[in-house]
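I opened my notebook beside the model today and jotted down what I looked up, one topic at a time. Here are the entries, in case they help you find your way around.

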Amino acid sequence: MRPCDLPAYTIADLVRTKQLSAVEVLEDALERVREVDGRPGQVDAPEAQSEEDLSTVHAFTKVTEDYARQQAERIDSLIKKGENPGPLAGVPYTAKDIFTVKGIQATAGSKILSNYISPYSATVVERMEEAGAVLLGKVNLDEFTYGSSSESSAYKPVPRNPWDTSRVTGGSSGGSAAAVAAGEGAISLGTDTGGSIRHPAAFCGTVGLKPTYGRVPRYGLIAFGSSLDCPGPLARTVTDAAQTLQAIAGHDPRDATSATVPVPDYLREMEKDIRGMRIGLSEEFFRVTYFDAESMELVVNPIDPQIQEAVLSAAGFLAQLGADIVTDVPLPHTKYGVPTYFVISRVEASSNLLRYDGVKYGYRTDQEFADLRDLYRKTRGEAFGVEPKLRMLMGIYLSAAQFDKGYYQLALKARALMRQDFEQIFDPQGKYRLDALLTPTAPSTAFPIGAVYGDSVLMQYSDQLTATTNHAGIPGLSFPVGFDREELPIGAQLLGPDYSEGSLLRVARAYEKVTENEAWRTKRPPILAKNGS
Amino acid sequence: MTERISREDFQKLADLASLELPGEEAEYLRKELNNQMISIEVLESIPIDAETGSAAHGLPYTELNSPAPRPDETRQDPHRDEILAQAPELEDGYIVVPDIAQEELE
């Protein structure tokens with residue numbers, strides 16, 4: 001097996017024991033990028049059209065080849081000197097282009113930041129570097145993370161799913177999930193505000209972990225919804241997700257919302273037995289709600305039976321391992337997750353987006369302007385795409401006194417009720433006493449590119465099984481549980497109480513081990529075979 | 001369908017958001033906002049009473065997970081020059097701001 005297809009923990013072992021150099025690992029990863037990625041995303045570039053464009057992944061907005069080589073050489077030199085290169089020594093990783101890295105572009109997939117070079121690095125990026133990981137590049141995303149398919153990026157071509165390049169990657173960390181699935185880096189750093197790590201992880205068949213709010217610091221992350229945003233890892237194995245979380249979790253004095261709770265040993269937690277753990281199933285998570293644009297009504301249907309079957313089969317495996325499966329767990333406010341998200345995330349996004357003005361940094365209009373207001377209007381009108389515009393307009397509509405109909409206050413109450421739902425099912429003295437809730441991650445598998453994009457309501461409902469987690473602040477982990485008839489990955493999700501990442505990793509790892517000989521585990525994205533990788 | 005956001009309100013929103021929007025784009029955005037508003041209206045049916053709390057964030061911050069307030073002291077940012085270098089227009093270390101028009105507030 002090529003180094004680029006190995007798990008991060010294996011790469012780090014081989015590098016530390018001098019069986020492979022960090023530079024060799026990097027060169028192989030760069031070769032993989034050249035084989036499968038095609039044209040990197042560029043602002044104002046044409047969308048995919050040629051046969052080659054349509055059959056490549058386009059995960060990257062920037063391959064940081066020279067920067068990565070310097071980092072890899074540093075790791076090799078540390079090893080030569082007998083020093084400890086860190087637990088992720090020589091592991092190539094990518095970062096969603098929403099994280100800042102000193103001296104490198106941080107575009108947020110937006111024209112408005114297309115010329116921005118970050119003067120500092122995000123805490124999580126610094127921590128990855130301290131752990132010995134090597135930054136392969138920045139990867140594409142929905143503009144400012146606003147979306148569930150990665151199609152709203154101003155950087156074209158947008159990412160395509162390695163399992164079927166006519167399909168979306170999910171989003172908004174779509175470049176992250178696609179890169180990891182295609183062996184372009186073993187790990188990616190993503191962010192999750194309403195499902196943006198877990199949703200693309202499910203669509204691309206990877207593991208994706210949204211930590212508890214505040215478990216991983218947000219310093220150096222371009223903000224979307226400040227009370228919801230969580231950085232976290234995407235990886236091909238549960239162990240790699242655990243090892244990455246180990247590296248990036250913990251208090252940071254530069255983020256006052258980062259928790260001071262001690263970070264446990266996730267790798268040790270992960271290997272514990274799941275016997276006696278109580279894992280819940282809730283009917284609220286096996287229904288899908290869609291906004292029907294013709295009738296203008298919300299339609300509720302049972303979930304795709306293939307997804308339901310895959311998740312229930314995962315529950316069966318966990319039961320075989322001695323977990324207690326608890327059915328009929330009530331989470332009655334789940335249906336308010338998306339409407340509440342429409343309100344809270346938009347109000348927070350509009351506040352965060354007002355800083356981009358064409359004066360201090362970033363894009364400025366080339367048109368003549370009369371005064372400062374005119375400069376703002378022209379710059380922002382030209383350089384924001386439709387998603388940021390929609391979010392600002394909605395956020396202002398919902399928060400400006402002149403339009404106020406009380407929806408923001410209602411959304412905060414709905415949020416309290418969603419939090420209460422989870423507190424009740426995870427209460428150690430309560431009726432359900434769950435260690436985790438097992439659900440599907442997304443209401444569908446990866447949909448065709450262009451099938452949903454443009455309908456902002458239907459797209460938002462793709463997050464209906466993930467958004468309540470962010471409202472409540474609890475952790476969530478998506479992991480692969482098989483494929484549908486169209487050979488597209490299906491993801492299941494584990495949710496748990498505050499700071500229970502160790503337990504969620506333990507359940508996912510137990511499932512990974514017990515299914516390691518299942519036929520579907522041997523599948524690889526067709527794009528790898530096609531490109532002779 | 002009853003329009004939740006009229007053309008007139010939409011224009012006010014665009015002004016507040018400092019966005020110049022061509023007509024066709026404005027109509028698309030307004031249509032999407034109206035659809036979003038319909039799906040938000042379901043919040044009116046949430047079963048709430050005087051006891052229902054209000055959560056500006058999900059996770060509670062207590063002394064168990066909150067850092068102590070940091071000292072109130074000034075610090076020189078180490079990236080001053082790199083930050084200033086990103087400004088589209090700079091003069092003697094100051095960011096040049098275009099004329100600010102005076103407007104009567106409503």
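**Entry 1: a loop in chain A**

I began with A:Pro157, which sits in the loop between β5 (155-156) and α6 (174-181) of chain A. I should say at once that this is a predicted model. I checked the peptide bond between A:Lys156 and A:Pro157 and found it cis, with omega about 0 degrees. Then I went along to A:Ser172, also in the loop between β5 and α6 of chain A. The bond from A:Gly171 to A:Ser172 is cis as well, and its omega is near 10 degrees. I noted both for a second look, because most peptide bonds are trans.

**Entry 2: positive phi**

Next I looked up backbone angles. A:Ser150 is not a glycine, yet its phi is positive, about 70 degrees. I found A:Ser150 in the loop between β4 and β5 of chain A. Is A:Ser150 buried or exposed? It has 37 C-beta neighbours inside 10 Å, so A:Ser150 counts as buried.

A:Asp328, another residue other than glycine, has a positive phi near 55 degrees. This one is in the loop between β12 (324-326) and α11 of chain A. I counted 9 other C-beta atoms within 10 Å of A:Asp328, and 12 or fewer makes a residue exposed, so A:Asp328 is exposed.

I added one more to the list: A:Glu487, with a positive phi near 65 degrees, belongs to the hairpin of β14(A) and β15(A). That hairpin has five residues between the strands.

**Entry 3: strand β15 of chain A**

The hairpin took me to β15 (residues 489-495) of chain A. Seven of its seven residues are buried, so β15(A) is largely enclosed by the rest of the structure. I sorted the side chains by direction: A:Pro489, A:Gly491, A:Gln493 and A:Leu495 point one way, while A:Ile490, A:Ala492 and A:Leu494 point the other way.

Which strands pair with β15(A)? Strand β14 (residues 476-483) of chain A does so over seven bridges, in the antiparallel sense. There, A:Phe479 has A:Ala492 as its bridge partner. Strand β13 (residues 436-440) of chain A is also antiparallel to β15(A), over four bridges. I marked A:Thr439 as standing opposite A:Gln493 in β15(A).

**Entry 4: strand β3 of chain A**

I turned to β3 (residues 92-96) of chain A, which is mostly covered, with five of its five residues buried. A:Pro92, A:Thr94 and A:Lys96 are on one side of β3(A), and A:Tyr93 and A:Ala95 are on the other.

I followed the neighbours of β3(A) in turn. It pairs in the parallel sense with β4 (residues 134-139) of chain A over five bridges, and A:Tyr93 stands opposite A:Leu135 in β4(A). Helix α5 (residues 123-130) of chain A joins these two strands in a right-handed β-α-β unit. Strand β6 (residues 187-192) of chain A also runs parallel to β3(A), with three bridges. In β6(A), A:Leu189 is opposite A:Ala95.

**Entry 5: helix α13 of chain A**

Helix α13 (residues 386-399) of chain A has 14 residues. From first C-alpha to last I read 20 Å, close to the 20 Å expected at 1.5 Å a residue. Twelve of the 14 residues are buried, so α13(A) is largely enclosed by the rest of the structure. Among the buried ones are A:Lys389, A:Arg391 and A:Tyr397.

What do the buried residues of α13(A) pack against? I found α11 (337-353), α14 (407-426) and α15 (456-460) of chain A, together with α1 and α2 of chain B.

**Entry 6: chain B and its contacts**

That led me over to chain B, which has three helices and two strands, in the order α-α-α-β-β along the sequence. Its radius of gyration is 23 Å, whereas a compact globule of 106 residues would come near 13 Å. The C-alpha atoms fill a box of roughly 55 × 50 × 25 Å. Buried residues account for 19% of chain B.

Last, I checked the interface: 48 residues of chain B are in contact with 64 residues of chain A. On the chain B side, α1 (7-16), α2 (23-40) and α3 (80-84) each supply at least two residues. The largest share, eight residues, comes from α2(B). By type, this side of chain B divides into 29 nonpolar, 13 polar and six charged residues.

Terms used: Residues numbered from 1 in each chain as written. Chains lettered and ligands numbered in written order. Predicted model: local features only at pLDDT ≥ 70, side-chain atom pairs only at ≥ 80, totals over all residues. Contact = placed C-beta atoms within 7 Å. Nonpolar A, V, L, I, M, F, W, Y, C, P; charged D, E, K, R; others polar. Expected span 1.5 Å × (residues − 1). Buried ≥ 20, exposed ≤ 12 C-beta atoms within 10 Å, placed from the backbone. Rg over C-alpha atoms; globule rule 2.2 N^0.38 Å. Pairing = 2+ DSSP bridges. Right-handed = clockwise from strand over helix to strand, strands pointing away.
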